[in-house]
Amino acid sequence: MLNKIYDWVDERLDITPIWRDIADHEVPEHVNPAHHFSAFVYCFGGLTFFITVIQILSGMFLTMYYVPDVENAWKSVYYLQNEVAFGEIVRGMHHWGASLVIVMMFLHTLRVFFTGSYKKPRELNWMVGVGIFGVMIGLGFTGYLLPWDMKALFATKVGIEIAASVPFIGQMIKVLLAGDATIIGAQTLTRFFAIHVFFLPAVLFGLLAAHFIMIRRQGVSGPL
Amino acid sequence: MSNNRVSRRQFLSYTLTGVGGFMAAGMLMPMVRFALDPVLQKHEGGDFVLTEQKIADITEAPIKVDFTFEQVDAWYKADVTNTAWVYKDGDVIVALSPVCKHLGCMVDWEHKDGNKNEFFCPCHAGRYTKNGGNIAGTPPLGPLDEFEVQEKDGYLMIGPSKPNTLV
């Protein structure tokens with residue numbers, strides 16, 4: 001059945017070369033855990049991406065209930081966690097996944113560092129990776145405020161004070177982030193929500209695409 | 001055992017699809033159930049709401065009666081005011097829903113563009129008889145819903161709505 005549908009489409013659009021181009025690539029012996037078990041360290045990049053996909057999916061579903069408003073944000077989070085079926089699971093996926101992305105990304109960075117994979121000709125990919133690291137930290141920081149509980153509020157106050165300590169433009173960054181010179185409130189929450197679900201993910205997709213295109217073009221770095 | 005030997009390629013493709021499908025299902029199932037929750041939630045029948053309408057003042061001519069109740073909308077609670085068209089049919093009190101069964105506009109009794117002794121919906125000129133029956137040839141496909149009614153200390157109470165029982 002599925003094969004027939006595939007053949008019908010393929011006959012008309014010749015889609016086989018498209019996915020073959022993406023899926024067919026050599027996995028060298030030194031990165032294949034079936035040959036050397038220690039090669040599992042090469043999995044961390046893929047695991048980071050896998051958890052990122054979970055974050056995107058669970059985040060999409062959470063916005064079905066969440067509202068970024070000072071009156072209702074906490075109540076809507078409480079409702080979706082305690083009243084909606086599997087709410088605890090879906091919010092839990094997003095909550096724990098957020099930490100796990102950072103852990104996996106860190107392990108991936110260590111692997112790249114200790115195998116010297118950042119060296120010529122892969123310097124650009126390292127730089128893009130550092131960009132992804134920054135975006136992920138930004139996603140973590142902006143997402144932390146959204147439940148609008150006491151921990152979120154005070155963590156964001158501290159975070160914004162850190163941003164405000166930048167020489168010369170610190171105060172501008174602070175107002176740009178918080179939406180107000182003194183209040184961490186309604187405008188901060190809407191801004192952080194917009195940054196968390198639209199701006200940073202858009203940047204992230206671009207950087208991830210560049211990261212993957214480059215690794216496919218250059219291949220995995222050689223054995224130690 | 002059959003003569004069709006399973007090739008290495010087939011075996012791998014089946015196991016990988018199976019394990020992959022299982023993992024994807026484990027990931028997606030909670031999220032899909034989470035999204036479907038409003039559809040699957042059980043709704044309790046509403047309570048009776050006391051109105052300020054004296055039973056004695058209700059006549060044969062339909063009048064608008066407002067009734068206000070606290071509506072729980074997920075995390076948001078608010079007082080909502082709804083309306084019923086109420087009249088006496090002999091000794092029986094009838095309360096009809098004002099929501100047109102065509103596309104949900106509010107019907108009016110003896111509207112200036114409508115006919116005498118009829119409910120009229122100004123959106124698409126839907127017409128109903130006094131007992132809520134839809135008049136053939138006009139847009140509505142069914143009769144107006146009916147509210148359950150009760151009396152308390154001489155005042156009218158309005159309950160949950162039900163399909164029209166008068167037509």
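**Getting to know chain B and its partner**

Reader: What radius of gyration does chain B have, against that of a compact globule of 167 residues?

Author: Happy to help! The radius of gyration is taken over C-alpha atoms, and the globule rule is 2.2 Å times the number of residues to the power 0.38. A compact globule of 167 residues would come out near 15 Å, whereas chain B has 27 Å.

Reader: Is this a predicted model, and how are things numbered, or rather, what should I know about that?

Author: This is a predicted model, where local features need pLDDT of at least 70, side-chain atom pairs count only at pLDDT 80 or more, and totals for chains, interfaces and linings use all residues. Residues are numbered from 1 along each chain as its sequence is written, and chains are lettered from A and ligands numbered from 1 in the order in which they are written.

Reader: What does the C-alpha trace of chain B span along its principal axes?

Author: Keep the radius of gyration of 27 Å in mind here. Along the principal axes, the C-alpha trace of chain B spans about 85 × 40 × 30 Å.

Reader: How many helices and strands does chain B have?

Author: Helices (H or I, at least four residues) and strands (E, at least two) are DSSP runs, numbered from the N terminus. Along the sequence the pattern is α-β-β-β-β-β-β-β-β-β. Chain B thus has 1 helix and 9 strands.

Reader: How many residues of chain A and of chain B are in contact?

Author: Two residues are in contact if their C-beta atoms, placed from the backbone, lie within 7 Å. By that rule, the contact joins 16 residues of chain A and 10 residues of chain B.
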